[in-house]
Amino acid sequence: MPLIQVLNASPSSTEKKRQLLAALTATYAEVMEIRPDTIRVILHELARENWSVAGITLADSGQNESV
């Protein structure tokens with residue numbers, strides 16, 4: 001049973017999460033030639049103050065999570 005874990009630096013809308021989880025599952029299933037129902041995906045959403053680049057939190061840097 002494959003397990004995909006994703007770390008995201010900022011909360012996303014429920015619809016965006018659904019799209020992401022579906023796309024990850026479909027892509028993995030296609031590439032690995034396995035059934036989608038065997039794939040598990042865990043999405044971890046981290047507060048921007050708990051993620052840093054070069055020692056500066058994303059919250060303090062003003063950096064957009066898509067950058």
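Leaving aside its neighbours within four places in sequence, which residues is isoleucine 39 in contact with? In this predicted model, the list runs to Pro2, Ile4, Thr25, Tyr28, Ala29 and Ile34. Isoleucine 39 itself sits in the loop between helix 1 and strand 2, the strand that covers residues 40-45. With a relative accessible area of just 8%, isoleucine 39 counts as buried, because the cut-off for that label is under 20%. Lysine 16 is another story: 23 residues from isoleucine 39 in sequence, it lies 19 Å away in space, C-alpha to C-alpha.

Next comes the helix. Helix 1 takes in residues 14-32, and its 19 residues reach 27 Å from the first C-alpha to the last, close to the 27 Å expected at 1.5 Å a residue. Just after helix 1, glutamate 33 takes a positive phi of about 55°. Valine 31 also belongs to helix 1, and it is exposed, at 59% relative accessible area. Together with Met32 and Ile34, Val31 makes a nonpolar surface patch of about 270 Å².

Now for the strands. Strand 1 (residues 3-8) has side chains that alternate: Ile4, Val6 and Asn8 point to one face and are buried, while Leu3, Gln5 and Leu7 point to the other and are not. That fits the usual rule that in a regular strand the side chains alternate between the two faces of the sheet. Strand 1 and strand 2 run parallel and are joined by six bridges. Across from asparagine 8, in strand 2, stands glutamate 45.

How many salt bridges does the structure hold? There are three. In one of them, the side chains of glutamate 45 and lysine 17 meet at 3.2 Å, N to O. This pair links distant parts of the chain, with glutamate 45 in strand 2 and lysine 17 in helix 1, 28 residues apart. Both ends are partly exposed: glutamate 45 has a relative accessibility of 29%, and lysine 17 has a relative accessible area of 25%.

Another salt bridge, between glutamate 15 and arginine 18, spans 3.8 Å, N to O. These two are three residues apart in helix 1, so about one helical turn separates them. An α-helix has 3.6 residues a turn, so residues three or four places apart point the same way. Glutamate 15 is partly exposed at 42%, whereas arginine 18 is exposed at 54%. Finally, aspartate 37 and arginine 35 bring their side chains together in a salt bridge of 2.9 Å, N to O, and arginine 35 counts as exposed at 53% relative accessibility.

Terms used
Residues numbered from 1 in each chain as written. Predicted model: local features only at pLDDT ≥ 70, side-chain atom pairs only at ≥ 80, totals over all residues. Heavy atoms only, no water. Patch = residues over 30% accessible without salt bridge, like charges linked within 9 Å, V, L, I, M, F, W, Y side chains within 5 Å. Areas by Shrake-Rupley, 256 points an atom, 1.4 Å probe, with all protein chains shown as cover. Salt bridge = Lys/Arg side-chain N within 4 Å of Asp/Glu carboxyl O. Helix = DSSP H or I, 4+ residues; strand = E, 2+ residues; numbered from the N terminus. Buried < 20%, exposed > 50% of the residue type's maximum accessible area, 1.4 Å probe, protein only. Contact = heavy atoms within 4.5 Å. Expected span 1.5 Å × (residues − 1). Pairing = 2+ DSSP bridges.
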